[in-house]
Each structure stands twice: as C-alpha cells, then as structure tokens.
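Please open the model in a viewer and prepare to select aromatic side chains. The tour proceeds from ring to ring.

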Amino acid sequence: MPLTGKQRSRRIDRRYYLSTDPYLRIKRLAGIAGCVIAIVYSMWLFSSAGVSQVSPGDLSQAHSAWNKNGCNECHAAGTVLRPDSVGGLSPQNVSAITAQCNTKCHSVTDHFADSTKGDVLEKESCTLCHHEHVGTEFSLVQLADNNCRRCHSNIQASSKGRDATGGGTMSLNVSNFSSEKGHPSFKSLKSDPGTIKFSHIQHMRPGQPMAPNDRSAKSFGKIEAEFRQQYARGGAFELNSLIQLDCRSCHEPDTDVLGLENQMASDAIRSNTAFPSNSHRSYKPVDFEKHCIACHNLDGVMHGLNREQTAQSAAKLIPFRQLELLKSRSQTPSIATLNEDDLKQREMRLMQLLTDESSCQKCHLLVPRESIHIVQPSQIPSRWFKAAVFPHGQHLMMHCQECHPQPFANASTGTIDSKAEAAIVMIRDIESCRQCHIGDEAARASQSAKGEKFVASANCVDCHRYHTDPSKGTISKADAHSSARAFEELRNFLSQRSSK
C-alpha cells in the first residue's frame, strides 16, 4: 500500500535548517577573494601596463608603433570609436573622432565637397570605413566596395546633383566595375581639349616623314651633334641612319623607375628588367626645348615667347649673333667651314618670325594679330581621368600601345591630318581595363587558372580615393608617403638581392 503525503512528511527532520554547512566559510572567503581580485584587476587594466589586454587585436602597420602603450593616441575618455556601438554615429562622436585623427596626424580633405551634401559628410567618421585592430597585415586604405556603395548605389540621395567635374547631372548609380550597368564609360575621354596639331603616326615612322620613304626624313646627320646621343639606341648610331622615336623619347616618368634607366624602346618595358613602381604615377609634360628642338629648331629664339618678345629676340639674332650661334650649336671649329646655304636659310627663318607666324602655325592654333600672344594655350591635360587616379608605375608590365592604340595603326598610305589626328583621344575606354581588372573573386581565380598572366582586382579604391579629388590635382599626404616608402623598400630589396 503506497504511503500518503502525511506519512512521507513525518520522515523529514524539521530542525534541518539549524545545521551548519562545513564549506560555507570557504565559500564566503572564496567569494570575497574573487571580488578583491576583480577590483584589483579592473584597476590594473586602466594602467599603462594592463591597457593592452583590453585591445581586440594588433593595429595596422601604419599605427603599429602604438600597439603596446599608445592607446591614448586614439582613445579619448567618453568617445565611442566604433560606429556600430551605441552612440557611435552621433554627431558629437563623429565630430570628436574626426578631430582626434585630423588634428594629431592627418590632414584630409572632404570627399568631393562641391558635389556632396554636407549632412551626408557629417555622418562619415574615420572609423566608419577605416577599421583598426585587425592586424599588421591589414591595410587601412584597401577598403571593401560596400563602403562606396552606401552612397554611390543611390548617388542622387547623396550628391547635390552635379558630378565631381562640375559638368552634367550626377545621375548614374555605380555598384561595380565589371558590367556596363555597374560602371559608366570614362566621360573624360570623350574629346581632347588640346589645341596642338600633332601626328603620332608621323612621329613614330623612321625619320618622321610626312609620307613613308619621304626624302625629308630625319637622319642623325641632319640634326645637330648635341642632340644625336639623345635619340641613339644603345648609345650607337650612324649619321645616315634614320632616327626612330618611341614612347619614352618624349614621355618621361615623373620619378625614376628601376629597370628603365637605360631602356628606350617601349617594347622593353614588359621585360623582367622593369619593376612595378608605386611612386611613378604619371609622366612629365613634354618640353619643347628638350624633346622637340632637335628637329624644330627656332634658330636661337626661345620657345613660348609672346609676339613682342619673339620679334625682339629674332631682331637681335640678325645678323650680329647669327654666326656665333651657328658656331656654338654645330660645334664647328671654324666658322668658315659652315655651309653658306644653311646660313641663308637660318637668317630667312629668323626674318620670317618678324613678319608672320607660319613656323608657329605648324603645331599651334593662332590668335588674332591684335593680341600680344601668338598662339592659343596648348591645354594638354596633365591628367585625363578627372575623377580617378591611374598609376602608370603599376602597369609597367603592359605595352604602351595596349592602352594607347591609335598611333600604332598601319598608316603607311594616305596623307596625315595632324589637326584631326590630335583631336582623337588615344586612350582605350573601360572595356580595355575590364580585360584584366575583374571584380568577382571566383571569375578572377578562373582567369588566372587558365594561364592569363595579367589578372587584377577591380575594387573601387584601386582607382578612386575618398580623400582625393583628382580634378583639383590633390593627393592625400598618406598616399604620397606610402608611395615614397614603397619605392624605397623596393630599392633596398633589389640591392640586397643583387649583392647575394
């Protein structure tokens, strides 16, 4: 027969609560000790020795010097750095973070301030895009495209309605580089604003004649001795051989590039003697006195003078300084050995500068004679991509003509219209870039597996910098410093390898 509840209750000792736990004292002591240790440890965490233990990870290479005891360089009391924290995107915290970065080390500009709403930028703290404590191998500037898509996938809501170059409505949404809908064509390549009449086709022919095999072709014997070595390949030449120009005859890198010191032919750039360079971004402007004067000699008159200065300079050279000029330029030991016809032709050209501008008109567009100037400004763009940066130094493995194809076309027949040819922008559009720059990682890996030699990423930051406005010729100090440092590191690496 089962027990009832009353019977079971009688088995319980009603005085059980009066008994003592033999481990109670130990538990109390352990609890007090734990509290004391926790308080002491918490206090130690706020000291200079223990603050590193609250760090979620190492800083990037740029800030790695502060890994051990530099927390106070960025972290200020009462300021939330993480944008995903409570209050991390409040105007007060965004302003505090920006001031913390911008006043101590960095001096950055707004992102296309002329075409962006101010209330959008007010929400953009440094840490919204640049995430620290991810390790020394992590780059603060190689950002994911999602950082850009936040605004550019719906650009109408973020801009004032004008594009970064000040022309046209900023209505195109950009989401990726790989498709026509994802990224527009390069608008700055639509037309050439320059006024120079110049034929690349003619100048790439041996001797630069107007037509192939023309007797006017330039040989080394037809230019003055002081210019011959400049166009000699490998330092050797024959007086009757024709001068063959290449890209580097006129286009010089803005910084020295390892492997290109003694290279002239553009074909040699792809060889293993040239190394990609972070510091070489663009090319120096073409200099008439250096690159053109050997064939287009103004007989002592300086290039670039206005109408009055040109006339004065030409008048002084006729006839009093003419023989002296010819003697110095031709390096002839005796004036008597100079060709009399050459003397007359030089004098006629100087006289021509006093009466008309036909010699200037060969390359330039003229202005009305009542103007003090003779020709229109050349207006040759120093940077073609107005909203992006194209680093030539990182593309040294490519042939020049792979991106600049026009002058290398077969122009062996037909007359040359220098003005019409100069109006053509000899830069391929975006489709040429998409052959190597692939956004999808799987597609990029597939192309590489097929043996494609040149496969690269297609991230927004590869061509665009948030704190850089290429249309105004500005570049952040961080970019300039990192480029110089990378170039120096490459020099050191190669010198060490060659010494082994």
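The stops below concern aromatic rings and their surroundings in this predicted model.

**Aromatic pairs**

Begin with the whole structure, in which a search finds four aromatic pairs. Select Phe220 and Phe237 next: these two rings are stacked, with 4.8 Å from centre to centre and 20° between their planes. Then display the backbone around both residues. Phe220 lies in the loop between helix H6 (200–203) and helix H7 (225–228), while Phe237 belongs to the loop between H7 and helix H8 (288–292). The pair thus links distant parts of the chain, its members being 17 residues apart.

Colouring by accessibility adds a further detail. Phe220 has a relative accessibility of 5% and counts as buried, because the cut-off for that class is under 20%. Phe237, with a relative accessible area of 32%, is partly exposed.

**A tilted pair and its cluster**

Move now to Phe385 and Phe390. Their ring centres lie 6.3 Å apart and their planes meet at 40°, so the pair is tilted. How accessible is Phe385, buried or exposed? Phe385 counts as buried, at 16% relative accessibility. Its partner Phe390 counts as partly exposed, at 26% relative accessibility.

Keep both residues selected and add Phe186. Ring pairs link Phe186, Phe385 and Phe390 into a cluster.

**A charge over a ring**

For the last stop, select Phe177 together with Arg434. Which residue lies over the face of Phe177? Arg434 occupies that position, at 5.7 Å from the ring centre.

Notes:
Residues numbered from 1 in each chain as written. Predicted model: local features only at pLDDT ≥ 70, side-chain atom pairs only at ≥ 80, totals over all residues. Heavy atoms only, no water. Phe/Tyr/Trp six-rings, centres within 6.5 Å; stacked < 30°, edge-to-face > 60°. Helix = DSSP H or I, 4+ residues; strand = E, 2+ residues; numbered from the N terminus. Buried < 20%, exposed > 50% of the residue type's maximum accessible area, 1.4 Å probe, protein only. Lys NZ or Arg CZ within 6 Å of the ring centre and 35° of its normal.
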